[in-house]
Amino acid sequence: MDFSGLKGKFRGEIQDSEDILKTYSRDTSLFEVIPEVVAFPKDAEDIKTLIQFVTKQKQEYPNEQISLTARAAGTDMSGGPLTESIVVDVMRHLNHIREVGDGYATAEPGVYYRDFEKATLEKGQIMPSYPASKDICAIGGMIANNAGGEKSLVYGKTQNYVPSLTVVLSDGNEYVLKPLTKSELETKISADHFEGRIYGELFKLIAEHHDRIQMARPKVSKNSSGYNLWDVWDREKEIFDITKLFVGSQGTLGIITEATLGLVKVKPAQQLLVIFVRDLQTLPQLISTVLKHHPENFELYDDKTLGFVFHLLPSFVGRVGAKNVLELAWEFLPEVKMMLTGGLPKLILLAEFTGESEGEVMAQALATQKDLGAFHDKTRIPKDEMEARKYWTIRHEAFNILRSHTSKKKTVPVVDDIVVVPQKLPEFLPKLYGILDEYKEYMTYALGGHIGEGNFHVYSILDLGDKKARNIIPEVADRVYDLVLQYGGSITGEHNDGIIRTPYLERQFGKEMVQLFEETKRIFDPLNIFNPGKKVDGSIEYAVAHIRTS
Ligand SMILES: Cc1cc2nc3c(=O)[nH]c(=O)nc-3n(C[C@H](O)[C@H](O)[C@H](O)COP(=O)(O)OP(=O)(O)OC[C@H]3O[C@@H](n4cnc5c(N)ncnc54)[C@H](O)[C@@H]3O)c2cc1C
């Protein structure tokens with residue numbers, strides 16, 4: 001491709017060295033897609049220049065596959081920031097925190113969440129939808145994926161914390177998106193320009209298909225699949241909010257240049273209650289009992305995770321704050337005792353209560369423990385901070401640690417982010433384990449995630465150099481997604497569709513909803529400038545052809 005048309009106009013860098021292309025050919029998904037170039041815009045003006053350039057190329061050479069794919073920190077597990085055309089890296093220059101106020105902060109998309117949080121914590125606040133990857137991901141990716149995490153149980157996902165977005169759309173202009181009243185919407189629609197057309201066509205689409213769209217909303221606690229058309233138009237309050245659609249749209253509708261984000265006050269005290277589950281049949285009652293006591297986090301890992309931890313114990317010593325392996329091994333006495341008296345529990349659940357004082361949170365943990373005792377006797381309040389840290393380190397770090405200890409075999413996301421309502425878990429989980437166990441010759445796995453929301457991350461370990469191992473990937477996805485949908489779930493609660501799940505959207509939502517997604521994409525991006533193949537027009541063949549081999 002000839003990029004000379006950008007000379008003298010684009011002020012950032014355009015790079016295509018082998019090293020750069022290799023780095024940007026991967027995220028943390030299964031895939032490798034080599035881009036043509038990587039552009040590092042200096043600011044929104046540079047992004048506009050890129051859009052004008054791509055538009056012109058598309059008009060002059062309609063057969064050329066040129067497009068723009070935004071990339072923040074590249075920790076996406078679905079292939080969202082991968083492209084064969086132009087990557088637009090927002091990390092190098094668009095990385096400023098503009099303001100931290102009371103209950104909100106404004107930042108550019110290339111700000112690492114860890115830096116953003118440092119700034120918000122100075123005012124005792126956080127954005128509570130941060131993902132488990134909070135130390136390595138950035139604001140732009142969190143918004144574009146509608147990320148969620150351990151606090152989403154109480155606070156919800158990123159879409160609840162985006163009062164306004166500044167974006168560059170496909171006409172090459174920058175716009176501010178925020179909730180509009182009906183009369184504000186009418187004013188926008190009546191204006192004879194690109195923005196007015198978008199608002200008009202989108203409103204018409206959503207109003208005409210209102211019932212179908214509402215019926216398609218996944219009936220689970222969280223979802224990042226498809227375009228979130230169901231939250232844009234609130235008929236009762238008469239509020240039209242395009243940010244709800246833009247959040248979670250994986251850079252397919254435009255490029256975010258700045259965001260104002262909602263913050264909440266951090267609660268100073270917390271207390272963990274650990275629950276050991278041997279019998280999966282007890283889960284629905286157990287979960288509803290715990291939820292009645294309003295924990296802020298309610299997480300899980302399974303016996304397979306614990307097996308990996310025992311295997312890699314020395315790597316946990318420093319992280320847990322133990323002096324040596326012996327001291328850490330001593331911390332596992334409760335698990336060892338259980339092993340000797342009936343076997344390891346199938347699941348370990350972590351319920352954390354937060355509040356204003358230690359007395360308050362301990363009272364909540366004890367009351368929950370008492371309620372659970374009526375039908376479930378294996379619970380534990382950690383005796384000290386180190387023991388609590390042990391449980392959280394396993395939940396947060398086990399797979400990062402495992403990843404750094406696997407050489408030929410890799411921990412890769414295959415069916416990494418499924419959601420099913422907790423009431424269905426006694427039936428669903430044995431069937432899920434049953435399917436995954438059929439592939440144990442090629443795939444080792446373990447489960448972790450957010451039990452309070454029925455959101456499970458399946459951590460899979462495969463040798464991607466082995467063709468037979470690669471071949472099981474679409475088969476496992478097919479069978480697990482069918483199972484999830486049979487139980488009315490979502491194929492992705494947080495990690496989004498990307499290359500890996502876009503081909504399954506028709507199964508998740510049906511043909512007519514997929515047509516509405518295609519129409520939504522056309523309204524915003526008629527020339528298909530932004531991140532093609534994600535959310536619409538994905539294929540299993542493309543996905544399989546781009547599974548990496550190392
Ligand atoms: C160990 C690990 C744990 C994880 N845990 C979680 C979790 O708990 N919850 C969760 O939600 N996710 C999780 N993830 C996935 C991922 O880290 C998050 O979704 C994260 O928010 C992505 O941010 P990023 O900055 O890395 O985005 P990227 O990977 O760079 O991009 C993600 C998507 O956003 C788009 N995008 C980026 N910047 C822009 C922009 N400026 N404008 C428009 N589109 C843009 C990209 O095109 C891409 O489609 C995890 C990943 C790892 C590796």
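Two strands are said to pair if DSSP finds at least two bridges between them, and strands themselves (E, at least two residues), like helices (H or I, at least four), are DSSP runs numbered from the N terminus. The structure shown here is a predicted model, in which local features need a pLDDT of at least 70 and side-chain atom pairs count only at pLDDT 80 or more, while totals for chains, interfaces and linings use all residues. Residues are numbered from 1 along each chain as its sequence is written, and side-chain values use heavy atoms, with hydrogens and water left out.

With these terms in hand, we can begin at strand E8, which covers residues 164-168. Five bridges join E8 to E13, and these two strands run antiparallel; within this pairing, Val-168 has Ile-255 of E13 as its bridge partner. E8 is also joined by four bridges to strand E9 (residues 174-177), again in an antiparallel arrangement, and here Thr-166 is matched with Val-176 of E9. Five residues lie between the strands in the hairpin of E8 and E9, where Gly-172 takes a positive phi near 85 degrees.

How many of the five residues of E8 are buried? Five of the five are buried, where buried means under 20% relative accessible area, exposed means over 50%, and partly exposed lies in between (1.4 Å probe, protein chains only). In a regular strand the side chains alternate between the two faces of the sheet. In E8, Ser-164, Thr-166 and Val-168 are on one side and Leu-165 and Val-167 on the other, and both faces are covered.

From E8 we can cross to Thr-257, which has its place in strand E13 (residues 255-262). Thr-257 counts as buried because its relative accessible area is 3%. Its side chain makes a polar contact of 2.7 Å with the side chain of Glu-174; a polar contact is a pair of N or O atoms within 3.5 Å, and within protein one must be able to donate a hydrogen and the other to accept it, while residues adjacent in sequence count only if both atoms are side-chain atoms. Leaving aside neighbours within four places in sequence, Thr-257 is in contact (heavy atoms within 4.5 Å) with residues that include Thr-166, Val-167 and Val-168.

A second threonine, Thr-69, lies in strand E3. Thr-69 is buried because its relative accessibility is 0%, and a polar contact of 3.0 Å joins its side chain to that of Asn-531.

Both E3 and E13 lead us to the ligand, since they are among the elements that give two or more residues to the shell around it, together with helix H4 (139-145) and helix H16 (385-405). H4 gives the most, with five residues. In total, 35 residues surround the ligand, a residue being near a molecule or strand if one of its heavy atoms lies within 4 Å of it. The closest are Ala-70, Ala-72, Thr-75, Ser-133 and Gly-148. A polar side-chain atom of Ser-133 lies 2.6 Å from an oxygen atom of the ligand, and an oxygen atom of the ligand is also 2.8 Å from a polar backbone atom of Gly-74. The protein covers 97% of the 970 Å² of accessible area that the ligand has on its own, with such areas coming from the Shrake-Rupley method with a 1.4 Å probe and, for residues, only the protein chains shown counting as cover.
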